Amino acid sequence: MVTSLGATAAATCEAWRAGCVARRRTLEELAGTNLKHAEVAGMPEFDAAERLGGRRMIKYMSEAALLGCVAAHEACEDARIRERFPPERIGLFAATGLASASLKDLLPMIRESVGEDGRFSCRLFGKRSLAATNPLLSFKILANMPPCIASMIEGIKGPNLIFTPWEGQTAAALLEAWRAVATGEVDCALAGAADNAAHPATVVYLKQSGLLADGEYPSAGAAYLVMEPAATARQNARHIYAQIAAMDTRPSNGTTYNPLALRMGRSFAAAPAILLALACRSLDAPDGLAGILPVRLCGVDRQEFRAEVGPVANPCRIEETA
Amino acid sequence: MRRVAITGFGVVSPIGVGREAFWDALEEGQSGIGPITRFDCSTFDVQLAGEVKEPLELPETVARVAAEDPKVGFAYAACAAALTGAGIERLGPGTLLHLGVSLEIFNLEKAVCNGKPDFKTIAERSLSGVEGPLQIPLDTGASLICDSFGRPDRALTNCSACAAGAQAIGHGFRSIRAGLCEAAVCGGFDSMINPLGVGGFQLLGALTTDNARGPSACRPFDAARSGAVLGEGAAVFVLEPLEKAVAEGKQVLAEVCGYGSTLDAYSLSAPDPDGDGAARSMMAALEDAAIGPDAIAHINAHGTGTRLNDEIEAAAVRRVFAGVWEHIPVSATKSVTGHLIAAAGAVEVGACLLPLVRGLMPPNPSLDRVAQGCELAHVMGKAAPFEGEYALSNSFGFGGQNATLVLRKFDGRN
């Protein structure tokens with residue numbers, strides 16, 4: 001997990017338990033605009049190469065992909081899935097947020113295509129901009145790339161689904177992962193999401209569309225969970241954080257609801273995964289995590305996400321092991 | 001487990017809008033590929049695409065968005081046709097909407113203000129309403145469909161690149177089969193025919209620059225193939241429990257009876273050279289359908305026309321269908337539609353309906369000489385009669401996502 005409260009699952013839990021609130025910052029890219037005072041959550045610093053065990057593939061990653069891959073790697077290492085399951089039997093069920101290509105990548109390319117009349121010119125774009133563009137840009141903007149890069153790093157080769165761009169889509173990914181384990185379609189599922197909602201263009205979109213309530217601020221974030229049958233986890237002597245007894249998504253006509261929003265910022269697609277992961281860890285902690293349970297969240301796509309997580313009780317149930 | 005019927009099919013494609021026009025063109029091997037007209041591509045190396053030429057009848061709210069993001073209009077029109085075909089007026093409880101799409105449109109013209117790329121000015125203009133929104137989220141197609149036709153239990157937007165449409169159908173199929181919903185409206189829509197879309201794929205070296213070949217530039221499995229051609233459009237299906245559809249007297253176009261999805265976990269831009277992910281995807285779909293390789297009587301290949309894909313796919317097909325592949329005709333309809341990216345898998349399921357409904361397998365009209373390593377029982381020249389029961393459709397995506405669907409002919413007796 002990587003959130004505005006901490007660069008790991010443990011750090012995030014600890015910060016939440018301690019009552020911390022994300023530090024906020026304004027965006028330089030929006031200075032001088034109507035959004036000059038708009039705040040986003042600041043993110044903790046971390047060394048991605050160190051967390052991922054090398055620089056392999058980092059050059060292909062957008063900010064969201066980087067967060068997602070680090071979170072996925074943390075979960076996979078914690079559950080030791082690579083050592084315990086054939087890659088073909090591990091599923092990947094994930095979600096990503098709105099497109100958030102780096103302005104640093106895009107603006108020079110566009111600059112090359114401004115004509116004498118001061119307007120964008122397709123001819124100059126074809127003639128000059130493409131030549132000046134790093135071919136890797138495509139990999140940074142395709143929506144499925146963050147989870148796909150994670151599949152390559154973790155060696156996951158099984159069934160998969162990737163959704164986008166809001167909370168309800170991540171809820172669907174988590175639900176499909178849970179079902180895939182329950183039905184035996186996979187032996188183990190990596191499920192989660194990453195979002196970079198603090199990207200300047202996304203902030204403009206969110207404000208313009210009225211998707212942020214008063215006092216809310218956008219945040220980047222990512223969380224992945226490993227789900228597997230209880231029996232397998234026990235057999236392999238793995239630590240079991242919690243049991244997922246039920247999970248559901250349903251249409252809602254109510255307002256959006258996100259218990260993480262005020263302290264962590266709204267990380268949209270990442271939020272259901274962060275919430276579920278915190279809920280599982282909450283059970284594992286002696287004094288729990290206040291305000292996390294019950295797992296309930298309703299996003300801007302008006303899909304309500306509910307999950308029942310509890311302490312390990314029934315060995316037939318699926319359990320979240322990382 | 002319940003059997004799953006296709007009761008509605010709507011399509012918007014470079015070779016025709018509406019299923020009859022689409023099937024007619026496929027049967028004739030008519031290509032929809034030609035010079036790009038959407039923007040001035042005269043300085044691009046890539047100058048061909050499969051564009052949707054026909055105007056669509058869209059409600060004002062949809063037309064407004066489609067003016068900026070054409071794929072949204074394709075999704076709406078295909079969905080409306082599919083629902084009409086299935087005799088469904090509204091989405092509601094017990095229904096699922098699941099559509100695949102790949103990439104948000106980036107309007108580069110909007111990005112230039114006062115002679116430079118000026119994000120602050122762009123943001124100001126957008127916030128003040130002078131310009132439209134900075135982003136058109138990928139769920140916009142599904143949202144507009146829900147606004148018009150009602151809210152299903154779940155509205156999902158799948159972004160699994162070239163496998164997205166097939167995954168959406170596979171997920172819809174599994175949901176009906178498991179009794180999780182009573183109708184699944186699923187498919188894919190896409191258009192990358194814009195400067196950044198075409199330019200991005202050109203940079204990756206995935207598209208042919210053999211512009212002189214015009215309509216026959218996309219040449220899956222041909223010795224002279226030199227890359228894919230982008231296409232655009234949408235295909236949407238209505239899936240329902242077979243028993244219910246028959247009881248209600250609905251026309252059943254075919255059954256969906258198997259689905260598999262895998263990951264290569266190999267490379268972002270290139271398929272696994274062993275074709276392992278592709279082969280496992282096909283095998284998973286066959287196993288899901290509870291049939292052996294010898295039951296398949298037609299394959300619609302992913303067949304992009306790129307050097308890498310075609311050879312690897314052909315090898316994977318030969319491995320999965322060892323001993324019988326010489327007798328399984330293979331079509332590659334991207335030769336006439338171009339590569340519709342997230343819509344490709346859905347449009348190609350629509351192409352698989354041609355043999356299952358009309359009894360004819362579409363030809364690969366640009367295949368003159370089969371490339372070494374691409375040996376399969378290709379349908380060359382003209383449409384060939386279909387004799388059998390099952391068809392299989394492959395979709396393999398950037399990022400290493402693979403999806404395969406198995407369809408079955410339904411004649412009321414089986």
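**A walk from one helix to the whole assembly**

Let's begin in helix α2 (residues 60–68) of chain B, where Val62(B), Val65(B) and Ala66(B) are buried. These residues lie on the same side of α2(B), because the arc they cover around the axis is only 100 degrees. The spacing fits a familiar rule. An α-helix has 3.6 residues a turn, so residues three or four places apart point the same way. Turn to the other side of α2(B) and you will find Glu60(B) and Ala67(B), which are exposed. What do the buried residues of α2(B) pack against? Their partners are α3 and α5 (140–149) of chain B. Please keep in mind throughout that this is a predicted model.

Helix α3 is a good place to go next, since it leads to the nonpolar core. The largest such core has 273 residues, and Ala78(B) and Val185(B) are those with the most contacts inside it. The element that gives the most to this core is helix α3 (residues 70–86) of chain B, with twelve residues. The core also reaches into chain A, drawing at least three residues from each of domain 1 (9–99 + 143–320) and domain 2 (102–140). To see the surroundings of Val185(B), set aside its neighbours within four places in sequence: its contacts then include Cys79(B), Ala82(B) and Leu83(B), as well as Leu91(B), Val236(B) and Val238(B).

Now step back to chain B as a whole. It has twelve helices and 18 strands. Its radius of gyration is 20 Å, close to the 22 Å that the globule rule gives for 414 residues, so chain B is as compact as a globular protein of that length. Along the principal axes, its C-alpha atoms fill a box of roughly 65 × 50 × 40 Å. Of the 414 residues in chain B, 66% are buried. Among contacts in chain B with a separation of 6 or more, 79% join residues 24 or more positions apart.

How many residues does each chain bring to the contact between chain B and chain A? Chain B gives 58 residues and chain A gives 67. On the chain B side, the elements that give two or more residues include α4 (119–127), α6 (164–177), β11 (254–263) and α9 (276–289). By class, this side of chain B has 26 nonpolar, 21 polar and eleven charged residues.

Chain A itself is assigned domain 1 (9–99 + 143–320) and domain 2 (102–140). Taken over C-alpha atoms, the centres of these two domains are 33 Å apart. Their contact takes six residues from domain 1 of chain A and five from domain 2 of chain A. On the domain 1 side, these are three nonpolar, one polar and two charged residues.

Definitions and conventions
Residues are numbered from 1 along each chain as its sequence is written. Chains are lettered from A and ligands numbered from 1 in the order in which they are written. This is a predicted model: local features need pLDDT of at least 70, side-chain atom pairs count only at pLDDT 80 or more; totals for chains, interfaces and linings use all residues. A nonpolar core is a set of buried Ala, Val, Leu, Ile, Met, Phe, Trp, Tyr and Cys residues joined through C-beta atoms within 7 Å. A residue is buried if 20 or more other C-beta atoms lie within 10 Å of its own, exposed if 12 or fewer, and partly exposed in between; C-beta atoms are placed from the backbone. Helices (H or I, at least four residues) and strands (E, at least two) are DSSP runs, numbered from the N terminus. Domain bounds come from an automatic or database domain assignment. Two residues are in contact if their C-beta atoms, placed from the backbone, lie within 7 Å. Ala, Val, Leu, Ile, Met, Phe, Trp, Tyr, Cys and Pro count as nonpolar, Asp, Glu, Lys and Arg as charged, and the others, Gly among them, as polar. The arc is that of the directions from the helix axis to the C-beta atoms. The radius of gyration is taken over C-alpha atoms; the globule rule is 2.2 Å times the number of residues to the power 0.38.
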